[in-house]
Each structure stands twice: as structure tokens, then as C-alpha cells.
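Here is a small set of exercises to work through with a viewer open. Try each task before reading its solution.

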Amino acid sequence: MTSPRPFGSRLLGRSDQSVRALRVRVQLLLTITLVAANVIGAAVVAGLSLLLTPGSALSGQFVVVNAVAIPVYVLGGLVIGAWWGTKGALGVLRWVIEERPPTAAERRASLRVPLRLTLLQFVLWAVATVIFTVLAALLQPELVFAVPFTVGFGGVVVCAISYLLSAFALRPVAARALADDVPSKPLSAGVHFRMLLFWCLGTGLPVAGLILLALRTAVLGDISETRLAISVAVLAAIVLVFGLLVTILTSRAIVAPIRSVRDALAQVQHGNLDAEVAVYDGTELGLLQAGFNGMARGLRDRERIRDLFGRHVGQEVADAALGKNVELGGEVREVSVIFVDVVGSTELAAARPPTDVVELLNRFFAVVVDEIDAHHGLVNKFVGDAVLAIFGAPNELSDHAGSALSAARAIARRLPVEVPECGVGIGVAAGPAVAGNVGDWRRFEYTVIGDPVNEAARLTELAKNIPGQLVASWRAVSLASADEARQWQATDSITLRGRAEPTTLAVPKAAAGSAVDSPEPELRPAT
């Protein structure tokens, strides 16, 4: 599910917004950001001028000139800054408008747009500082110290706010730039550098102003104690207010990427491995976001491999393999085995198109697998059109024989109804067998080897020729629970091909009426 705030704010839209919507949104936010930053800077200059400039200096030719020069420059700076800044930014971001992946150079340039806009503001305010300082020196020399300080400090405010707000406005663009190729190191100023820079802007420079004011008073002595106290109080207030503003904006810029990763981790914790974070930061925080996405991809791949592995070898075998070291060899276990084989598969393949044969076999396998899983068995392998299933390995079952016999009866009941096109033979046997990994360390499979497997295969051949098409060994019935054993009846005792000892056969009582009757051996309690 896509987050309604993939970039940390609803103002930035959704990650799947159209290019047109993104362009309008970015242009509007950048324009508002630059204008707001300059208005705040102008307000700071006006406030500092009123508080720090002596009352006697607020008159004369310099004030008259500034009454005209300041509005003209501020208005011109707003227009030029907004136009030049947004035009330059959109020029760098042309790849977004053209809906194509960025080149490496375009990616770096896109991530540095906030710095570029900040440098533009720095140039405009530096020019203003020079112009008004020259005017002060020519028209009212006693303001030569106050003017560059107030205008310069206003420029610092504008630059700090411009960088933080423009970086915020351009998060959707940064996300697209970093969508396909996240670099191994930050492409913009790192978090450490940002923190030092904003400390300098929010705290260092105002305190430096206090130091300069104190030095000026000590050297020139042209400021009264009252004016000095007012100046110190004003600069201290600026340190508090402006420092707090910069700290809030900086903390939000840092917390937003961390919060996005935290929210995505919560989704993964609740089982949503499709969770993904929009990477919109060019610093170490962006690498953190990209690292989460890489971790999530790894988890998805691991889960997909685990699922495929479980489908190929059985979920129990997969869980056992993932939970411990896999070794060749096995152990002797008491197991029950079901062997199911299609009757006349050669004729089926000759009479039907291959696609029809595959579709028929898939329906046949679906019934068999469904019942084996429902009775907690393991489909060990598909052998052409036959299925070998194990009960009691790799996981132990308290009544493996009863589960196997119950599953066999369910399969025999469902196949004639759901897959009437083909007949089958079903054999069930039980006994000791070696269960484990067979093959070479480079390629092996989990299987069971032993007499029950061979016996089940021979019983399958017999089952193809009797009503019900299901035969089990009486040993399997005798090992089953009493409830399951009551569903079976003994018939003949036959020496199967390849075996020295005779096998007593058993069939479900529902089909026993058509079989050869013989006295039923005494049922022994299940062990």
C-alpha cells in the first residue's frame, strides 16, 4: 500500500503523481519558498535597523535615499530571485519533464539544486550589503557598522531558510533522481556538515555580532550604555528565535527520513515485505533509506526462494534445511508411504495433445497434493505421472500410518469424481526406512529408501486391477489408530514381486465386497 505521505508531508503529493502535477507543485513551492525567505529576511533587516540604529541616524539624506532604494531593491530581488531561481532549477530538472532517467551528471545537479538556490540568494544579498554599505559610507558614515551587519545578517537568515525549505520542496524530484541508482556515498552536504553549518548560521554569526559590538564599543566608545544594552538584548533574542527556527527546520529535515524508515520497518514487522521507502535525501539519511529498500528486497527474494524451495522439496524439508546444517546421509525412521500412479499413461499421452495431458496431470496432482497436505504428509517427488508421499519424516507424526491410510482413502474417493478421465492405483505401506539427503554435496535431494517404498510401489500395481483402486499392507493398518484401522479389511496374502515374505493385503471395507475374502487377522493396538 502506497503511503499518503511518502516524502514526509502531504504538501509534496504522492510518489505516483503525474509529471505535470509534480512540475506545478515544485514550481509553486519553490516560488513561495524563495519569496517567503526574502520577506523574512527583509523583516529581520527592518527590525534590526530600528533597534540597533541610533535615533539620530534615522533621519537625513540616507534615510530618504533608502526610502526609495530599499523597496526597489527588495522588489527587484524578489522578482529576479524567484524567476531566476525557479527557471534555473527547472532547467536542471528537465529530465523529469521529459520523463526519462537522469544521467549521472543530471542526478548530481538535481540533488544540488537547493545549494544552487541558496548561492543565488547569497549573491543577491551580498550585492545588497555592498550597495547599502557604500550608500551609508557616502551619506551617513556613523551607520557604516550597523548597515552591513543588519543587511548581512538578513542575508544569512534568507540563505539558511532558502536551503532548508527548497530541499523540502524538491524531495519528490530527489526521489526520482535516486530511484534507479543510489550512490554509495552522499551526493550532497552530509548531516555532520549541515549541523555545523546551521549552528554557524543560527548561533555562531549572531554571537560573533555580539563580540564585534563589544569590540567596537571598547575601541570607539561611541555607543551609550543604554544603546549597548538594547543591542545585546536584541542580538540575544535573535540567537534564541532564529536559532530555534533553524534548529526546528533542520530537525524536521533529519527526522522525516528516519521516520519513513521506522514506519516501513513496522510494516515489515507485521509481515508486509513489499514495504518500500522513497529515497529523497542525498546525505547519509538517503543511504539509510536506500539501505532499508535493499534489506526489504533481500527479504522478498529470500521469501520467494524459500517458497520455491518449499514447493520443490516440501515445506517441512525446506524448514528443516533452513533451520540446521544440511548433511548427506540419513537416519532410520518408522514411516508410512503412499504411492499413486496413473493407469494407462502411455495411451493417454498417445491419444491426447501434450497440453491436454499436462492439464489432466495437473488436476490429478492437485487432488493428491491437497489430501497429502491436509493429512500432514510430505509429497516427496513426482515421478512422471506418479506421486510418492511420506508420512513420519522429516517431521514425526504420532499416527503416521493412520494419516497415510486416511489420506489414501480420501484420494481414492475424490479422483473418480474430480478426474474421471484417468484411473489410478494407490498403494500404502509402512515400516522402517532410511530418511535423509541422498546424492552429492553439490546436488542432493531428501528422500526415503527402504522396504516400505518398494512395497508401496508393488501394491500400486495390484491396486490398478481391483475395485476402489486402493490397496494397503496389513502392517500399515495394524500400526494405525483404532478408528482408522476399523475402516479396513484384510483380503489375500500375496508374495509381491522382488520380496521373499508374503504381504497381507488390506482394502477399505467399502470396497471389500468385491475383493477375495479371507479371515481378518487380529488387529493389534497402534504403537
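A disulfide is a pair of cysteine sulfur atoms within 2.5 Å. Keep that cut-off in mind for the first exercise, and note that the model is predicted.

**Exercise 1. Count the disulfides in the structure, then decide whether Cys159 and Cys422 are buried or exposed.**

Step 1: Apply the cut-off to the cysteine sulfur atoms; the structure holds 0 disulfides.
Step 2: Buried means under 20% relative accessible area. Cys159 has a relative accessible area of 12%, so Cys159 is buried.
Step 3: Cys422 comes out at 11%, and is therefore buried too.

**Exercise 2. Compare the span of helix α6 with its expected value, and work out how enclosed the helix is.**

Step 1: Helix α6 covers residues 146-169, which is 24 residues.
Step 2: From first C-alpha to last, α6 reaches 34 Å, close to the 34 Å expected at 1.5 Å a residue.
Step 3: Of its 24 residues, 19 are buried, so α6 is largely enclosed by the rest of the structure.
Step 4: For context, buried residues make up 44% of the 527 residues in the protein.

**Exercise 3. Find the salt-bridge partners of Arg414 and Arg409 in helix α14, and say which helices they join.**

Step 1: Recall that side chains of opposite charge can pair when their charged atoms come close.
Step 2: Arg414 pairs with Glu371, with the closest N and O atoms 2.8 Å apart. This bridge links helix α14 (residues 400-418) to helix α13 (residues 354-374), across 43 residues of sequence. Both Arg414 and Glu371 are buried.
Step 3: Arg409 pairs with Glu484, the closest N and O atoms being 2.9 Å apart. Here α14 is linked to helix α17 (residues 482-485), and the partners are 75 residues apart. Arg409 and Glu484 are both buried.
Step 4: Look around the Arg414 pair again: Asp370, Glu371, Arg414 and Glu418 form a network of salt bridges.

**Exercise 4. Classify the two partners of the Asp483–Arg486 salt bridge by accessibility.**

Step 1: Locate the bridge, where the N to O distance is 2.4 Å.
Step 2: Asp483 has 54% relative accessibility, so Asp483 counts as exposed.
Step 3: Arg486 stands at 47%, and therefore counts as partly exposed.

**Exercise 5. Identify the residues of the nonpolar surface patch that includes Ile131, and classify Ile131 itself.**

Step 1: Phe122, Val123, Val127 and Ile131 make a patch of about 330 Å².
Step 2: Ile131 sits in helix α5 (residues 113-139).
Step 3: With 37% relative accessibility, Ile131 counts as partly exposed.

Key. Residues numbered from 1 in each chain as written. Predicted model: local features only at pLDDT ≥ 70, side-chain atom pairs only at ≥ 80, totals over all residues. Heavy atoms only, no water. Patch = residues over 30% accessible without salt bridge, like charges linked within 9 Å, V, L, I, M, F, W, Y side chains within 5 Å. Areas by Shrake-Rupley, 256 points an atom, 1.4 Å probe, with all protein chains shown as cover. Salt bridge = Lys/Arg side-chain N within 4 Å of Asp/Glu carboxyl O. Helix = DSSP H or I, 4+ residues; strand = E, 2+ residues; numbered from the N terminus. Buried < 20%, exposed > 50% of the residue type's maximum accessible area, 1.4 Å probe, protein only. Expected span 1.5 Å × (residues − 1).
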